[in-house]
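Welcome to a short tour of a structure that may be new to you. Please take a moment to look at the sequence and the 3D view before reading on.

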Amino acid sequence: MIIVSWNVWEWLAPCLDSVRGALGALKGEIILVDNASTDGTPERVREAFPEVHLLVNSVNRGFPAANNQGMAVARGRYFFLLNPDTRVLDRAIESLVAFAEEHPEAGVIGPQLLNPDGTVQSSRRRFPTFWTALFESTWWQPYAPRRILRRYYVLDRSDEEIQEVDWVTGAAMLVRREAVERVGPMDEGFFMYAEELDWCRRMRAAGWRVFYYPRAKVIHYGGRSSDQVPAVQHLAFQRSKVRYFRKHHGRIAAAALRWFLIGQYLWQILVEGSKAALGHKRAMRWKRVRIYAQVVQGLLVDQ
């Protein structure tokens, strides 16, 4: 098991507690890669969880690079990549491994993710199209044609159905070592976001299958690291989206997407600045303007 942390000790501790029970009868190692936390995470882990194999980075290397670092020292036949803001239920890891053993063609298996209130959290996807990228996680999403996002989020299939999918989100995923050895590790050109999308696409291109397995369940609280730095979060998400499209759809599609996103942020700067000038929640509006301006500046630099 590999967990990457950055200043999330209050979430990491219960996550590690849950992992102990979720392994069931399996003999597994827990590898924690800490990306230069300043909240005392390494010291606290050494004291409270001495069985954890701890790797401490002096700088934040990003999510894919840190996961690759963990996989490089892991010894098992499977890697279970897990976000620290999760709680693994029952014997979910044992269940995922059992499914993988029955399906040797499976390169990646994602459990069912749950929101803290117990409702199902969307975690399985079809590969995005250019139209998906224009709407998904942008201010235009509420106006997207229903069929575009319904298809992308696989809303035409039951949440409780074991199914093959294009990709699963990276909050929790079981990955076969043999598949990684053939396909390669995560692309470290992504800092965070879209790395699991790219990885699953490469897996499928190499002949491996990706499954959603809802009998294994993981609660995902979501965004506890990235929410600490909203400008970095926005920029990393949009840069990753552009990088993915450049890699798999070509430079023209990536350039068109990048300028569309820049235009959206410029429009939001105008909207938020106008509201601030009129005296409506000025502190909040100007904070948003500063965040969006940083994102535009970052997107203007061609990656």
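Helices (H or I, at least four residues) and strands (E, at least two) are DSSP runs, numbered from the N terminus. Helix axes are lines fitted to C-alpha atoms over the stretch in contact, and angles between N-to-C directions run from 0 to 180 degrees.

This is a predicted model, in which local features need pLDDT of at least 70 and side-chain atom pairs count only at pLDDT 80 or more, while totals for chains, interfaces and linings use all residues. Residues are numbered from 1 along each chain as its sequence is written, and side-chain values use heavy atoms, with hydrogens and water left out.

**Two helix pairs**

Let us begin with helix α10 (residues 251–277) and helix α11 (residues 282–299), whose axes lie 9 Å apart and make an angle of about 160°. The two helices α10 and α11 are therefore roughly antiparallel; angles over 145 degrees earn that label, those under 35 count as roughly parallel, 65 to 115 as roughly perpendicular and the rest as oblique. The crossing of α10 and α11 is left-handed, a term for a near helix turned anticlockwise from the far one by less than a right angle, with clockwise giving right-handed.

Which residues of α10 and α11 meet? Among them are Arg258, Leu261, Ile262 and Tyr265 in α10, and Arg282, Trp286, Val289 and Tyr292 in α11. Contact here means heavy atoms within 4.5 Å. The residues of this contact divide into 14 nonpolar, two polar and six charged. In that count, Ala, Val, Leu, Ile, Met, Phe, Trp, Tyr, Cys and Pro are nonpolar, Asp, Glu, Lys and Arg are charged, and the others, Gly among them, are polar.

One residue to find in helix α10 is Gly273. Gly273 counts as buried, at 15% relative accessibility; buried means under 20% relative accessible area, exposed over 50% and partly exposed in between (1.4 Å probe, protein chains only). Leaving aside neighbours within four places in sequence, Gly273 is in contact with Trp286 and Val289. Gly273 and Arg285 are 12 residues apart in sequence, yet their C-alpha atoms are 6.6 Å apart in space.

Now turn to helix α1 (residues 9–22) and helix α2 (residues 41–48), whose axes come within 11 Å and cross at roughly 30°. That makes α1 roughly parallel to α2. The crossing of α1 and α2 is right-handed. Here Trp9, Leu12 and Arg20 in α1 meet Thr41, Arg44, Val45 and Ala48 in α2. The residues of the α1 and α2 contact comprise four nonpolar, one polar and two charged.

**Strands that are covered**

Strand β6 (residues 106–114) has nine of its nine residues buried, so the rest of the structure largely encloses it. Strand β4 (residues 78–82) is also largely enclosed, with five of five residues buried. On one side of β4 sit Tyr78, Phe80 and Leu82, on the other Phe79 and Leu81, and all are buried.

Both strands have partners, and two strands pair if DSSP finds at least two bridges between them. The table gathers these pairings.

| Strands | Sense | Bridges |
|---|---|---|
| β6 and β12 (residues 209–220) | parallel | eight bridges |
| β6 and β11 (residues 172–176) | antiparallel | two bridges |
| β6 and β7 (residues 120–121) | antiparallel | two bridges |
| β1 (residues 2–5) and β4 | parallel | two bridges |
| β4 and β11 | antiparallel | five bridges |

A few residue pairs help you trace these strands. From β6, Pro111 stands opposite Tyr213 in β12, Val108 stands opposite Val175 in β11, and Leu113 has Gln121 in β7 as its bridge partner. For β4, Leu82 is the bridge partner of Ile3, while Tyr78 is partnered by Arg176 in β11.

**Positive phi angles**

The hairpin of β6 and β7 has five residues between the strands, and there Gly118 takes a positive phi near 95°. Two residues other than glycine are worth a look too. Ala194 has a positive phi of about 70° and is placed in the loop between α7 (177–183) and α8 (195–205). Is Ala194 buried or exposed? Ala194 counts as buried, at 14% relative accessibility.

Lys281 has a positive phi near 45° and lies in the loop between α10 and α11. At 54% relative accessibility, Lys281 counts as exposed.

Helix α8 is mostly covered, with eight of its 11 residues buried, including Leu197, Trp199 and Met203. Just after α8, Gly207 takes a positive phi of about 100°.
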